[in-house]
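Dear colleague,

I am passing a structure on to you, and I would be glad if you opened it beside this message while you read.

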Amino acid sequence: MTTNITSDIVTSLPEHMLSEILKHAASNSIADFINVKLCCKAFERASNYENVSMEKVSLVPWRKCEKGFQKRCKAANNAEALYRKGMINCFSRRKSESGLRYLKKATEKGQVEAVYTYGIILICLGGKLSKQGLRVLSSLHLPKPNEGSSSMIASCRSKTEKFLRCMWVHVALTGPKGICCNCDCDIEEKPNHSTSTECQTWDASNDVGHCCDYCFWDREANLFCSLLRKYLVN
């Protein structure tokens, strides 16, 4: 009797509210999401893998339930799932073209870390792609580089390193050579190889003094490349 009453109450709720309940369940654990989804047909119909949170899913999942959950999210074009697939394909599975496609899709959906990674990769590829990468990164709407540190940059750096720690990194990138922009930047010259100082800079403040967008992202791309080399499997 109680089950029928509960089911009737759930069925009477609007679908957007059911979706929010499912999103909240997923933010707690995959098990909660699955249990809620299976408890009632109304929840089953309202389940939306495109917008569900993947916060509790390992960046590189090993458990069967996590793999299945992430696969469904990717099939539904969940931005976080697309970003993760792009990272794996680009830097672990040596499928750069496929990885870039996934990162581009996640970027188009506004996934911040995907925008950061995709833009930096394009800058490293050079030529016309470098300018395209700068346009991509400009969509992050960061404070001007000479206005101090950015919590968004710090968050992107943190997630990037966390991700690289979880997987076998088989691909590195060559940092950009830099553009002569005549901007009278205060930014220091970048070393060609990873050093302890450079690795410390990755975790340091983004306050690099007066510099233009070109120089700021050129520096950031070189730091990104040094981090890849740090986790590269020989």
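Below is what was found in it, beginning with how the values were made.

This is a predicted model, in which local features need pLDDT of at least 70 and side-chain atom pairs count only at pLDDT 80 or more, whereas totals for chains, interfaces and linings use all residues. Residues are numbered from 1 along each chain as its sequence is written, and side-chain values use heavy atoms, with hydrogens and water left out.

A good place to begin is helix α6 (79-91), where helices are DSSP runs of H or I with at least four residues, numbered from the N terminus. α6 has 13 residues and reaches 18 Å from its first C-alpha to its last, close to the 18 Å expected at 1.5 Å a residue, the expected span being 1.5 Å times one less than the number of residues. Because 12 of its 13 residues are buried, α6 is largely enclosed by the rest of the structure; here buried means under 20% relative accessible area, exposed over 50%, and partly exposed in between, with a 1.4 Å probe and protein chains only. What covers these buried residues includes α5, α7, α8, α10 and α12.

The loops on either side of α6 each hold a residue to look at. Asn77, in the loop between α5 and α6, has a positive phi of about 65° although it is not a glycine, and Asn77 is partly exposed, with a relative accessible area of 34%. Arg94, in the loop between α6 and α7, has a positive phi of about 60° and is likewise not a glycine, while its relative accessible area of 59% makes it exposed.

Next comes the largest nonpolar core (buried Ala, Val, Leu, Ile, Met, Phe, Trp, Tyr and Cys residues joined through side-chain atoms within 4.5 Å). This core has 40 residues, and those with the most contacts inside it include Phe91, Met167 and Trp217. Its largest share, 9 residues, comes from α8. Met167 touches Val60, Met87, Ile88, Phe91 and Ser92, not counting residues up to four places away in sequence, where a contact means heavy atoms within 4.5 Å.

Which residues of α6 are buried? They are Ala79, Glu80, Ala81, Leu82, Tyr83, Arg84, Gly86, Met87, Ile88, Asn89, Cys90 and Phe91.

With good wishes for your reading.

Technical notes. Helix = DSSP H or I, 4+ residues; strand = E, 2+ residues; numbered from the N terminus.
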